[in-house]
Amino acid sequence: MSSLTTLPAWQHLQDHFHEICLEHMRDMFRDDPARFEHFSVKFNDILLDYSKNRVSRQTMTLLFELARERGLADWIEKMFAGEQINHTEHRAVLHTALRRQADAKGSTGGKDVMTEVAAVLAQMESFSEAVRSRAWRGYTGQPITDIVNIGVGGSDLGPVMATEALKPFAIRDLGVHFVSNVDENHITYTLEKLRPETTLFIIVSKSFTTQDTLVNARTARQWFLKTAEDVAHMSQHFVSVTDNTQAAAEFGIAPENVYRMWDWVGGRYSLWSAVGLSIAVAVGMDHFREMLRGASEMDEHFRTAPLEQNIPVIMALLGIWYNNFFKTQTYAVLPYDEHLRYFPDYLRQLDMESNGKSIDRDGKQVDYDTGPVIFGQLGITGQHAFYQLMHQGTKLVPADILAPVSSFHCIREHHRILMSNVFAQTEAFMKGKTETEARAELVAAGYDSAALEALLPYKIFPGNKPTTTILFKTLNPRTLGSLIAMYEHKIFTQGVIWNINSFDQWGVELGKQLASKILPELEGDIEISSHDASTNGLINHYKRNRPGKDS
């Protein structure tokens, strides 16, 4: 058994689970009329209601004790102090330094990082304002009308999500586009709508060696130079965010157009850095700084709030409860805000790349479940897609439901119908519908006895399906920053409890290594036999059936 599963708190939770696992939340609410007050927390304009979870006050007490036994408070301080908690890559984890306020301090390896962060933020502000004000001109003297962000993973998902989330704050006559897929259709369809004279590219790659990103970047450069002809014009149309300034220069990007990022910023945590350049251009640096401010406020809450009132910790412990004791395998994120349409996609990488690990910090195979499978989409869409499984299927799927108290346009009928669905779904997941209730409903509808009995089993809903509701006033930059940081810290907390490194991603590398080996094998017509039978067969089928010859 592992050090985790032998902890007293873990053993107590295991015993407690057998006592509580069959209890229904209907009964919990009946027995505790003040359950909402006991199981909800407020932070600024965010309300976390976790009363519709299969927990009692004893459950939460035991979960908080587990966090203490795992030394969570010490790990939080290690992260904020810039210690090398990413031990496999010998790196500090200081994405929180990117959003600290101007008078804050932060260091890694004894080196002050806040001065460098402030310098990059100033550089971002100068660039974004020049583009937004039309002071930045293309090589023909025309203003920039379109920005194309080329990146993949965290260099794409974060900026895509935040730019969409803050769309009401964006400048209307500036197009912001994102290209991540190496499939030529993505960049082809993007470029065919644009003009080289008025397009500016942001190439985002920490190493400036990411194959997908560089292939798209080279295609963009070729497309641009076909019209511009002179490589000197690239200085007005290409910028880069990278830690490899030499490679960026070799690509043809002017030194003054290179924006620094650091090895202590993981890709999935990088939107707070110059990786967020496209966000700053779209919504303005003032709003970008507000997003940083909201995240910084959540950082302070996470660092200082008692565990019992600490929102990221509570969310993390609920996830531990379901993942490790109820043995759920999935977890849904369901926003009821059109602007958060890409939020589940963003969180999928943030969570699954961080905690999709089976080797602990001591290099040993774990004997317990770690990160769950994350899925989700807009709640209204999900209601007409996969909620059926959540309501009446055989899987228990815990879910977060996020919704705004008011939207930007706030058309009364639209928003009240939206919110009625939010409240109805969380109630339906919790209560379900008993046989008695279903029978009474069918009798009232006029069904005869035979038809009623035939239909009755299909009208019963077990309920007891857990949801956590997160309400916020309006999705503005400050609130968005807090929400993102909230999930970051939730994931970190779970990594601490599971004793895994949430900040490396070695599993991403294997496919890249094999792809680099296979790529030259796709040239010519020689049959391949160096792999397993399936891979050989697939490669040879592709080579026999592809159109034309290699160019």
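**A β-α-β unit, salt bridges and two residues with positive phi**

Strand β7, helix α9 and strand β8 form a right-handed β-α-β unit in this predicted model. Strand β7, which spans residues 199–204, has 6 of its 6 residues buried, so it is largely enclosed by the rest of the structure. The burial extends to both faces of the strand, with Thr 199, Phe 201 and Ile 203 lying on one side and Leu 200, Ile 202 and Val 204 on the other. Strand β7 is paired with two strands: β5 (residues 146–150) runs parallel to β7 and is joined to it by 5 bridges, while β8 pairs with β7, likewise in the parallel sense, over 4 bridges. In the pairing with β5, Asp 146 stands opposite Thr 199, and in the pairing with β8, Ile 203 stands opposite Ser 240.

The helix of this unit, α9, covers residues 211–228, and the loop between α9 and β8 (238–242) contains Glu 229. The phi angle of Glu 229 is near 70°, a positive value in a residue other than glycine. Most residues other than glycine have a negative phi. Glu 229 is exposed, with a relative accessible area of 67%, which is over the 50% cut-off for that class. A positive phi, of about 60°, is also found at Asn 499, again not a glycine. Asn 499 is located in the loop between α20 (477–498) and α21 (509–518), but this residue is buried, because its relative accessible area of 13% is under the 20% limit.

Side chains of opposite charge can pair when their charged atoms come close. The structure holds 26 salt bridges, among them one between Arg 268 and Glu 353, in which the closest N and O atoms are 3.0 Å apart. Because Arg 268 lies in the loop between β9 (258–260) and α11 (277–283), whereas Glu 353 belongs to helix α14 (residues 343–355), this pair ties together parts that are 85 residues apart in sequence. Arg 268 is buried, with a relative accessible area of 2%, whereas Glu 353, at 21% relative accessibility, counts as partly exposed.

Another salt bridge is formed by Glu 453 and Arg 439, with the closest N and O atoms 2.5 Å apart. Glu 453 lies in helix α19 (residues 449–455) and Arg 439 in helix α18 (residues 435–444), so that parts 14 residues apart in sequence are tied together by the pair. Glu 453 is partly exposed, at a relative accessible area of 40%, and Arg 439 also counts as partly exposed, at 29% relative accessibility.

Helix α18 contributes to a further salt bridge through Glu 441, whose partner is Lys 459, the closest N and O atoms being 3.6 Å apart. Lys 459 is placed in the loop between α19 and β13 (467–472), and the pair thus links distant parts of the chain, 18 residues apart. Both partners count as partly exposed, with a relative accessibility of 27% for Lys 459 and 36% for Glu 441. In addition, Glu 290, Arg 293, Glu 297 and Arg 478 are joined into one network by salt bridges that share partners.

Conventions
Residues numbered from 1 in each chain as written. Predicted model: local features only at pLDDT ≥ 70, side-chain atom pairs only at ≥ 80, totals over all residues. Heavy atoms only, no water. Buried < 20%, exposed > 50% of the residue type's maximum accessible area, 1.4 Å probe, protein only. Pairing = 2+ DSSP bridges. Right-handed = clockwise from strand over helix to strand, strands pointing away. Salt bridge = Lys/Arg side-chain N within 4 Å of Asp/Glu carboxyl O.
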